[in-house]
Amino acid sequence: MRLSQLFIPTMREVPAEAEIPSHILMLKAALMRKLASGVYIYLPLGKRVLKKIEEIVREEMDRAGAQEVLMSAIIPAELLKESGRWDVFGPEMFKLKDRNDREFCLGPTHEEVFTDLIRNDVKSYRQLPLTIYQIQTKYRDERRPRFGVMRSREFIMKDAYSFDVDWDGLDVSFDKMYDAYCRIFDRCGLKYTVVEADTGAMGGKDSKEFMVTSNVGEAVIAYCDNCGYAANEEKAECTVQNTINEEMRSVEKIYTPNVKTIDELVSHLNVDAEKFVKTLIYKYKDKVVAVLIRGDREVNPVKLANLLNVTENDVELADEKTVKEVTSADVGFAGPIGLKGDVMLIADAEIPAMRNVIVGANETDYHLKNVNYGRDFKADVVSDVRKVVDGDKCPKCGSPLKLDRGIEVGHIFKLGTKYSDALGANYIDENGNEKPIIMGCYGIGLNRIAAAAIEQNHDDKGIIWPMSIAPYHVIVVPVNVSNEAQRDLAEKLYDELSKAGIEVLIDDRDLRAGVKFNDADLLGIPIRITVGKKAEDKIVELKLRREEKPIELKHDEVLNKVKELISENIRS
RNA sequence: CGGGGUGUAGCGCAGUUGGUAGCGCACGUGCUUUGGGAGCAUGGGGUCGGGGGUUCGAGUCCCUCCACCCCGACCA
C-alpha cells in the first residue's frame with residue numbers, strides 16, 4: 001500500500017481528550033477516531049490490527065475445537081428476563097423497542113442466547129461436549145467510559161461457551177480454553193498474569209482472569225513471587241497477619257468530642273490506626289449489617305456481598321438515619337457493643353486476634369478502649385472481608401504478597417448450571433435421565449488487546465507493534481522521491497516485497513525525510529527500509545522499530561532478510 | 001449518579017472594561033529546499049456547542065439545555 005493513497009490522517013499534536021499512551025497513540029497514529037463518548041470508529045490501519053488479533057483468536061479457538069457461530073447483537077428482553085439479568089444489568093444495557101413496543105437490548109454478553117440455542121437443539125448426551133464461540137460487537141452503557149478503547153461502550157469481544165454432560169467434562173473444556181488463551185496472548189506479544197477472580201454476577205465456580213500487566217490498568221492484582229499464587233483484588237484471600245497476646249485490660253469509656261474518623265482518632269489519642277476497630281453499618285435488601293474491621297483496613301465489598309449471598313449492587317453503606325437508629329449515636333461513634341435492632345454483626349478475620357482495641361461506644365462523643373473479642377462482644381460471623389494490602393502474607397505459602405495493576409483482557413468461568421437451570425437447558429443421559437447441561441464461558445476483549453499491546457510496546461515516538469499484530473510488517477522509505485535512483489530502487493523493492501506476499505507500505509509522499517521517519521516511528525511498523533544516498537550503489541538501510549541502529553544491506557539481500565525477520569517474530 | 005472542568009477553523013490554543021474573531025500547526029497554489037516534523041510568498045476555511053434573554057451592539061453578561069473530559073462511585 002502507498003502512503004500517498006492510504007487514508008491515514010496522523011496527528012502532530014496530542015488530542016486533549018486522551019490521557020494514557022494507548023489512547024493518545026491510537027488517535028495520533030490514525031488507528032481510530034471517536035464518534036461519541038465510549039464509541040470509536042476504526043480507520044484502515046486500526047481495522048487491520050483488529051483483523052490480525054481476530055485471526056489469531058480464531059485460529060486458536062478452532063485449534064481448541066471450538067466452532068464459530070454468529071449471534072445477533074440484538075437480544076429480545078424475554079430471554080434476559082428469563083434468567084433474571086434484565087434487572088441485574090439494568091441501566092448498563094442499551095435498551096430499545098421495536099414498532100410494536102417489544103423490548104430488546106443491544107447484547108452486553110450472550111449467555112442467554114447461546115443457552116437458548118442449545119436448549120432447543122441439543123437433547124442428547126451424544127451431542128455433547130460442544131464449545132461454540134463468536135466474535136461480535138458488545139454494548140454496555142458504562143457509567144464512565146474512559147481511556148479510549150480500554151473502557152468503551154461498544155467493543156468487540158470473542159465469547160465462547162462450552163456445554164458438557166458433567167463437571168469433569170467442564171474441567172476438560174475449561175482447560176482447553178485456558179491453554180488456547182495462553183497461546184493467544186503469547187502470540188499477541190503480551191506479558192500477562194493469570195489470576196483467580198471472583199465470579200460476581202456471572203455466577204459459577206472457578207474463574208480466572210488474564211491480566212496484562214500495566215500501570216494504567218484499572219484492576220489491582222495480588223501475586224506471590226514465591227509460590228505463584230495470583231488473584232485479583234476482589235478475590236485475593238487475606239490471612240490474619242499477627243496475633244497479639246496481650247493481657248486483656250478492663251474496658252474504659254473515653255471522651256472523644258467530635259472525633260469521628262480514624263484519622264482524627266489517631267491524632268487525638270496518639271494511638272496507631274491498627275489499634276482501632278472500625279464499625280461500618282451497611283444496608284442490603286432492607287437489612288442492616290455491621291462490619292468490624294481493623295482501623296487501617298478497607299472493606300472488600302465483593303467479599304461482603306458474597307458472604308451475604310447477594311450481589312455487590314445490593315450492598316451499600318447505610319444512610320445517616322439508619323446509622324443513628326442502630327447505634328443511638330451520630331455517625332462516627334458506631335461500635336460492636338450495644339447495637340440496637342436486628343443487626344447482623346460481621347467481624348473481619350483479623351478481629352479475634354486483636355487485643356485491647358478502641359471502638360466506638362454507640363454514644364455520641366465517646367469511644368471505648370481495651371475492648372476484646374470474646375470477652376466483650378461476639379460476632380455472628382467471623383470471615384475475611386477486607387482488601388489485601390501490599391506485603392500481606394500469601395494465603396498459600398506465607399511469603400509477602402505484592403500488588404500490581406493489570407488490564408483485564410480475558411476472563412474464563414466455570415458457570416455450571418446457572419443458565420441451564422434458569423432456561424431449562426437439559427439433555428438426556430445414556431440412562432434416559434434428564435440432566436442440566438454444565439456450562440463454561442470464556443471472553444476476550446479484542447480492542448483491549450490492541451490497546452494493551454500499545455501500552456506494553458511504545459516509546460516517546462510512537463507505537464512499537466509486535467510483528468504478529470502489526471498492521472503492516474515493512475515500510476519502505478525513499479528519503480527523497482525526487483531523486484530518481486532512490487525512487488526507482490524503493491519502488492523496485494516495494495514491488496518485490498509485495499509480490500513475495502509481504503505486507504508492505506511505501507512512503508512515496510513528497511515529504512521531507514524527517515516527517516516520514518517520524519510517521520514511520522509513530523505507526524510502529526516493525527521493519528523500516530530506508531532508501532537513501534547509497535541507492536546508486538544498490539545499498540539500503542534496514543532498521544527495526546524496536547532497535548536503535550540500522551544495518552546496511554545490498555538490494556538483493558533485502559527480501560530474504562525481511563522474510564527471516566518476520567518468521568522469527570511470528571509464532572503460530 | 002455525586003464533585004470539578006472545558007466547549008472559538010481538522011488539531012492545539014488566545015481573545016482585555018461588551019464594539020462584529022485571531023495565533024501556531026495542518027490544508028490549497030507558486031518558487032526554493034530534501035537523512036529526523038523546511039523557508040518565503042499567497043490563498044481558503046468559523047451558525048464562537050444549541051436555544052432563549054439583557055443591550056444600539058454579545059465569543060464576552062444572565063437563564064437554560066446539550067456534548068465532552070477529569071476525580072470518585074460503579075463495572076461478566
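Is Asn-362 buried or exposed? Asn-362 is buried, with a relative accessible area of 7%. The views below come from a predicted model.

**View 1. Asn-362 and its surroundings.** Asn-362 sits in the loop that joins β18 (357–360) to β19 (366–371). Its side chain reaches the backbone nitrogen of Gly-335 at 2.9 Å. Leaving aside residues up to four places away in sequence, Asn-362 touches Thr-327, Ser-328 and Ala-329. Phe-333, Ala-334, Gly-335, Ile-337, Gly-338 and Leu-339 are also among the residues that Asn-362 touches. Asn-362 counts as buried because its relative accessible area, 7%, falls under the 20% cut-off.

**View 2. A salt bridge between Arg-2 and Asp-508.** The two side chains meet with an N to O distance of 3.2 Å. This pair links distant parts of the chain, 506 residues apart. Arg-2 belongs to the segment before α1 (21–28). Asp-508 lies in the loop between β28 (504–506) and α13 (513–523). Arg-2 is partly exposed, at 22% relative accessibility. Asp-508 is buried, at 18%. The two residues fall on either side of the 20% cut-off for burial.

**View 3. A salt bridge between helices α2 and α6.** Arg-187 pairs with Glu-60, and their closest N and O atoms are 2.7 Å apart. Here too, the pair links distant parts of the chain: 127 residues separate the partners. Arg-187 is in helix α6 (residues 167–187). Glu-60 is in helix α2 (residues 44–63). Both ends of the bridge are buried. The relative accessible area is 9% for Arg-187 and 1% for Glu-60.

**View 4. A salt bridge within helix α5.** Asp-116 and Arg-119 meet through their side chains at 2.8 Å, N to O. Both residues belong to helix α5 (residues 111–121). They are separated by about one helical turn, because they stand three residues apart in that helix. Arg-119 is buried, with a relative accessible area of 16%.

**View 5. A network of salt bridges.** Salt bridges link Glu-274, Arg-294, Asp-296, Arg-297, Glu-350, Arg-386 and Asp-392 into a network. The arginines in this network are Arg-294, Arg-297 and Arg-386. The acidic members are Glu-274, Asp-296, Glu-350 and Asp-392. Across the whole structure, a search finds 53 salt bridges.

Terms used:
Residues numbered from 1 in each chain as written. Chains lettered and ligands numbered in written order. Predicted model: local features only at pLDDT ≥ 70, side-chain atom pairs only at ≥ 80, totals over all residues. Heavy atoms only, no water. Salt bridge = Lys/Arg side-chain N within 4 Å of Asp/Glu carboxyl O. Helix = DSSP H or I, 4+ residues; strand = E, 2+ residues; numbered from the N terminus. Buried < 20%, exposed > 50% of the residue type's maximum accessible area, 1.4 Å probe, protein only. Polar contact = N/O pair within 3.5 Å; in protein donor to acceptor, adjacent residues only side chain to side chain. Contact = heavy atoms within 4.5 Å.
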